[in-house]
Amino acid sequence: MSVEDLADPPTSAGFIFVSEESPDYLKTATAGMRVTLPVFTPPWIVVHHALERVHVARWPGRLFQVQTVPPTTRGERAAVARAAEGVASHADYTRAIAVDLLEELSSSVLFGPHGDAVVRIVEAASALDEERARALESARHPAAEREYSKAWDRWLAEQPEAAPYRNRDHAWTLSIPGADFSGSPIGYGFSLIWKTVSRAARDRGGPGSITLDEDGDQVLGDPWETALGALLDVAMAVGAPHLVDSDAVTVLTAAWGTVFEP
């Protein structure tokens with residue numbers, strides 16, 4: 001079958017997130033523009049079909065609602081076919097060579113209905129230094145891990161596929177993709193906080209802030225590890241308030257209230 005015989009794929013609506021790690025042609029884009037790959041080779045433009053699946057690895061960034069552009073030339077059809085190789089028909093994303101940027105949305109919606117509050121935590125994590133990490137470590141409530149874990153169990157009780165994950169210790173859980181489409185009560189919010197604190201520890205931490213475990217994976221040392229826990233705590237409390245009662249809120253926000261909002 002020749003390229004000309006290939007049926008044009010249907011257009012796909014979805015979302016893309018643009019951060020400092022994105023290619024320059026995306027970083028300079030604005031709503032209303034058509035963005036096309038300068039060269040039809042990977043990395044392709046990945047369009048996520050649902051907000052819950054938009055992966056946020058760096059902050060800050062801009063979120064766009066987009067529509068893929070159908071190919072019109074032989075070269076474009078061949079590139080679209082290459083981009084689609086290995087992507088299952090039921091996949092929750094599309095690889096594209098060109099998209100129309102329909103609208104710019106607030107990036108906070110990626111973290112759920114209380115995303116603005118989660119953004120404040122992410123930004124605090126981004127600016128974290130050794131002094132504030134130690135302050136968070138000192139102020140974290142001794143019952144915070146237990147209340148964080150209990151909130152995860154309450155969320156899991158709402159998920160139809162979560163039975164294998166319930167009634168476990170979720171004190172340091174960031175995401176459980178098998179339990180729900182979004183993976184957590186605040187999407188990729190917990191994972192982003194972890195990555196952001198790890199980056200701050202690497203950039204501004206002292207000796208021992210980051211070490212390697214026996215598998216070669218990076219591990220946070222204190223005060224950064226406990227500071228991370230304190231920020232995860234408050235992100236749960238403000239990002240998923242339906243999962244915590246008033247007593248749990250007091251516990252989960254203790255460190256945040258002491259260090260950032262005395």
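## Starting from a hidden phenylalanine

Phe-190 is buried, because its relative accessible area is 0% and anything under 20% counts as buried. Keep in mind as you look that this is a predicted model. Phe-190 sits in helix 6, so let's use it as our way in. What does Phe-190 touch, once residues up to four places away in sequence are set aside? The list is Tyr-148, Trp-152, Leu-174, Ser-184, Pro-185, Leu-232, Ala-235 and Met-236. For a sense of distance, pick out Ala-98: its C-alpha is 31 Å from that of Phe-190, and the two residues are 92 apart along the chain.

Now zoom out to the helix itself. Helix 6 runs over residues 189-204, and from its first C-alpha to its last it covers 22 Å, close to the 22 Å expected for its 16 residues. Quite a few of its residues are buried, including Gly-189, Leu-192, Ile-193, Val-197 and Ala-201. What do the buried residues of helix 6 pack against? Their partners are three helices and two strands: helix 3 (115-126), helix 5 (144-157), helix 7 (224-239), strand 7 (210-212) and strand 8 (218-220).

Ser-198 is another residue to find in helix 6. Is Ser-198 buried or exposed? Its relative accessibility is 14%, so Ser-198 counts as buried, given that the cut-off is 20%. Beyond its neighbours within four places in sequence, Ser-198 is in contact with Ile-210 and Leu-220.

Helix 7, one of the packing partners of helix 6, is worth a look too. Helix 7 has 16 residues and spans 22 Å between its end C-alpha atoms, close to the expected 22 Å. It is mostly covered, with 14 of its 16 residues buried.

Next, head for the loops. Between helix 5 and helix 6 you'll find Asn-167. The phi angle of Asn-167 is near 60°, which is a positive value in a residue that isn't glycine. Asn-167 counts as exposed because its relative accessibility is 69%, and the exposed label starts over 50%. Arg-168 lies in that loop between helix 5 and helix 6 as well. Leaving out residues up to four places away in sequence, Arg-168 touches Ser-149 and Asp-153. Its C-alpha is 29 Å from that of Ala-201, a residue 33 places off in sequence.

Two other loops hold cis peptide bonds. One joins Pro-42 and Pro-43, with omega about 0°, and Pro-43 is in the loop between strand 2 (34-36) and strand 3 (45-48). Another joins Asp-222 and Pro-223, with omega about 10°; Pro-223 is in the loop between strand 8 and helix 7.

Finally, step back to the whole protein. It has nine helices and eight strands, and its C-alpha trace spans about 65 × 40 × 40 Å along the principal axes. Of its 262 residues, 46% are buried. Among contacts between residues at least 6 apart in sequence, 74% join residues at least 24 apart. The protein exposes about 13,000 Å², and carbon and sulfur atoms supply 51% of that. On the charge side, there are 22 positive and 37 negative side chains, and the centres of the two sets lie 3 Å apart.

How far can you trust what you see? The average pLDDT is 94, and 96% of the residues score at least 70. Residues 1-5 stay under 50, though. Where pLDDT is low, the predicted coordinates shouldn't be read in detail.

Key. Residues are numbered from 1 along each chain as its sequence is written. This is a predicted model: local features need pLDDT of at least 70, side-chain atom pairs count only at pLDDT 80 or more; totals for chains, interfaces and linings use all residues. Side-chain values use heavy atoms; hydrogens and water are left out. Helices (H or I, at least four residues) and strands (E, at least two) are DSSP runs, numbered from the N terminus. Buried means under 20% relative accessible area, exposed over 50%, partly exposed in between (1.4 Å probe, protein chains only). Contact means heavy atoms within 4.5 Å. Accessible areas come from the Shrake-Rupley method with a 1.4 Å probe; for residues, only the protein chains shown count as cover. Lys and Arg count as positive and Asp and Glu as negative; His and the chain ends are not counted. The place of a charge is taken as NZ of Lys, CZ of Arg, CG of Asp or CD of Glu. pLDDT is the predictor's confidence in each residue, from 0 to 100. The expected span of a helix is 1.5 Å times one less than its number of residues.
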